[in-house]
Amino acid sequence: MFIEQPAIYLRWLYPNALWRMDRHEHAVYLTFDDGPIPEATPFILDTLRDEGIKATFFCVGDNVRKYPELFQRILDEGHQVGNHTHNHIGSIRHTIKEYSYNVEKANAYIHSRLMRPPHGWMRLPHYAWLSRKFKIVMWDLVTRDYSKWLTAEDVVNNVKRYARNGSIITFHDSLKSIEKLKTALPESIHWLKEQGYEFKIFDY
């Protein structure tokens with residue numbers, strides 16, 4: 001549970017970040033990290049289109065540079081985009097200047113006020129600096145679709161166990177996730193629909 005649904009003290013570290021939306025609204029916010037890549041993103045977009053759902057894609061700038069047609073498809077189909085740095089870097093080994101430069105480099109391609117740090121964490125000085133320009137988006141439920149120790153069924157069960165009103169749910173359009181997502185994503189969406197959840201994007 002510590003990973004799937006972060007502890008309250010982690011949320012306190014970043015008080016102005018989005019961890020969970022309105023807990024009184026029966027809605028969830030699907031997000032996808034690390035793309036776009038041709039091996040994963042088209043399947044996700046096809047699934048979302050077939051289900052009539054809009055989501056938010058936190059994109060790696062260098063992937064947008066390499067696959068601009070995929071990024072354009074995300075936009076054309078009405079999805080939201082956010083910044084996930086240019087090279088999927090963490091803040092632990094980079095100064096504020098280096099890290100901020102990498103985020104700005106990505107934003108030259110992505111053009112978004114939303115930002116999610118890779119691995120869902122950044123040093124507090126980096127957070128304070130980037131919060132001046134970006135709305136930092138974390139998560140209320142990370143499905144762990146990237147884990148080699150979990151099956152597609154495990155991923156679906158994480159959604160069933162931890163989804164709640166206002167959950168920001170994190171999947172990944174990545175090589176590590178896509179084989180599980182081919183089963184887990186549609187099954188998760190169908191279950192969420194059965195529970196009456198609305199699917200939303202952020203108002204930023």
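## A loop residue to start from

Ile92 sits in the loop that runs between β3 (80-83) and α5. This is a predicted model, so please read each value below as computed from that prediction. Ile92 has a relative accessible area of 58% and is therefore exposed, since exposed means over 50%. Ile92 also has company: together with Leu13, Trp121 and Leu124 it makes up a nonpolar patch on the surface, and the four share about 370 Å² of accessible area.

Thr95 belongs to the loop between β3 and α5 as well. With a relative accessible area of 41%, Thr95 counts as partly exposed. To get a feel for the path of the chain here, take the C-alpha atoms of Thr95 and Gly82: these residues are 13 positions apart along the chain, and 22 Å separates the two atoms.

## The chain as a whole

Eight helices and eight strands make up the secondary structure of the chain. Its radius of gyration is 16 Å, close to the 17 Å from the globule rule for 204 residues, so the chain is as compact as a globular protein of that length. Along the principal axes, the C-alpha atoms fill a box of roughly 45 × 40 × 35 Å.

Of the 204 residues, 56% are buried. The chain exposes about 9700 Å², and 53% of that area comes from carbon and sulfur atoms. If you like contact maps, here is a handy number: among contacts with a separation of 6 or more, 75% are between residues 24 or more positions apart.

## Two nonpolar cores

In soluble globular proteins, nonpolar side chains tend to be buried together. In this model, the largest nonpolar core has 36 residues, and Leu30, Phe32, Leu48, Phe57, Phe171 and Leu192 have the most contacts inside it. At least two residues of this core come from each of β1 (27-33), α2 (41-51), β2 (56-59), α4 (68-76), α5 (96-110), α7 (152-162), β7 (168-172) and α8 (178-194). The biggest share is from α8, which gives seven residues.

Leu48 is a good place to look inside this core. Setting aside neighbours within four places in sequence, Leu48 is in contact with Leu30, Phe32, Ile53, Ala55, Phe57, His79 and Ile189. Apart from this core lies another one, of 23 residues, which include Tyr29, Ile89, Tyr99 and Tyr127.

## Polar residues in the strands

Two buried polar residues are worth a visit, Thr31 and Gln80. Thr31 is part of strand β1. Its relative accessible area is 0%, so Thr31 is buried. Leaving out residues up to four places away in sequence, Thr31 touches Thr56, Phe58, Arg116, Ile168, Ile169, Thr170, Phe171 and Phe202.

Gln80 is found in strand β3. At 10% relative accessibility, Gln80 counts as buried because the limit is 20%. On the same sequence basis, the residues that Gln80 touches are Ala55, Thr56, Phe57, Ile74, Leu114, Ile201, Phe202 and Tyr204. Phe202 is thus a contact of Thr31 and a contact of Gln80.

## Salt bridges

The model holds 13 salt bridges. One of them joins the side chains of Arg144 and Glu4, with 3.3 Å from N to O. This pair links distant parts of the chain, for Arg144 lies in the loop between β6 (141-142) and α7, while Glu4 lies in the segment before α1 (8-13), 140 residues apart. Both Arg144 and Glu4 are buried.

A local pair makes a nice contrast in sequence distance. Arg65 and Asp62 form a salt bridge at 2.6 Å, N to O, and both lie in helix α3 (residues 61-66), three residues apart, about one turn of the helix. Arg65 is partly exposed at a relative accessible area of 42%, whereas Asp62, at 18% relative accessibility, counts as buried.

Arg73 and Glu77 also meet through their side chains in a salt bridge, again given from N to O, at 2.6 Å. Glu77 has 23% relative accessibility and counts as partly exposed. Through salt bridges that share partners, Arg73 and Glu77 are joined with Asp46, Arg49 and Asp50 into one network.

Key
Residues numbered from 1 in each chain as written. Predicted model: local features only at pLDDT ≥ 70, side-chain atom pairs only at ≥ 80, totals over all residues. Heavy atoms only, no water. Core = buried A, V, L, I, M, F, W, Y, C linked by side-chain atoms within 4.5 Å. Buried < 20%, exposed > 50% of the residue type's maximum accessible area, 1.4 Å probe, protein only. Helix = DSSP H or I, 4+ residues; strand = E, 2+ residues; numbered from the N terminus. Contact = heavy atoms within 4.5 Å. Patch = residues over 30% accessible without salt bridge, like charges linked within 9 Å, V, L, I, M, F, W, Y side chains within 5 Å. Areas by Shrake-Rupley, 256 points an atom, 1.4 Å probe, with all protein chains shown as cover. Rg over C-alpha atoms; globule rule 2.2 N^0.38 Å.
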